[in-house]
Amino acid sequence: LKPALLRRAYVAVEGGMKHLLWIRPQSELARAKPRPQYVCYFEITNGKRLYLERPTVIEPDWLPEASPALTKCSAPLRQLPPHYDTVCDRTLCWVSPTYGSAQWTLPPVARP
């Protein structure tokens, strides 16, 4: 495969680690610039390639809350100071989460 084509492929966090996954070319997400880094999808279908069905762009900091069973959080990060959340009336610290069996590193998130 050409490098330009590989840059448009995705890899699943669970189950599909050995396969490249693609967004259908007619999808708006396939034409998005810049290409979304993280997407979730409903299912994978087999055609000319393995395609993601109903892909949706997500933010990586949503994953720890949306999928806690696949997320592991580090001890509080000492290099980022804690902060007070006035809405929840609590102090939050920053942790570095990893996601899935591949342990992908996600951006730091605030946790109680």
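In the predicted model, Trp22 stands opposite Tyr51, a residue of strand 4. Strand 4 covers residues 50-53 and is paired with strand 1 in the parallel sense, the pairing resting on two bridges. Both strands belong to an open sheet of three strands, arranged in the order 1-4-3 with mixed pairing. Strand 1 and strand 3 (43-46) stand at the edges of this sheet; each has a single partner strand, so one side of each is left without a neighbour in the sheet.

The loop between helix 1 (3-6) and strand 1 (22-23) contains Leu20. Because its relative accessibility is 34%, a value between the limits of 20% for buried and 50% for exposed residues, Leu20 is classed as partly exposed. Together with Leu1, Leu6 and Val11, Leu20 forms a nonpolar patch on the surface, and the accessible area of these residues together is about 340 Å².

Glu14 is likewise found in the loop that joins helix 1 and strand 1. With a relative accessible area of 34%, Glu14 is partly exposed. When residues up to four places away in sequence are not counted, Glu14 touches Leu70, Gly100 and Ser101. A further relation links Glu14 to Tyr99: the two residues are 85 residues apart along the chain, and their C-alpha atoms are separated by 9.7 Å.

Technical notes
Residues are numbered from 1 along each chain as its sequence is written. This is a predicted model: local features need pLDDT of at least 70, side-chain atom pairs count only at pLDDT 80 or more; totals for chains, interfaces and linings use all residues. Side-chain values use heavy atoms; hydrogens and water are left out. Patches are made of residues with over 30% relative accessible area and no salt bridge: like charges are joined within 9 Å, nonpolar side chains (Val, Leu, Ile, Met, Phe, Trp, Tyr) within 5 Å. Accessible areas come from the Shrake-Rupley method with a 1.4 Å probe; for residues, only the protein chains shown count as cover. A salt bridge is a side-chain nitrogen of Lys or Arg within 4 Å of a carboxyl oxygen of Asp or Glu. Helices (H or I, at least four residues) and strands (E, at least two) are DSSP runs, numbered from the N terminus. Buried means under 20% relative accessible area, exposed over 50%, partly exposed in between (1.4 Å probe, protein chains only). Two strands pair if DSSP finds at least two bridges between them. Contact means heavy atoms within 4.5 Å.
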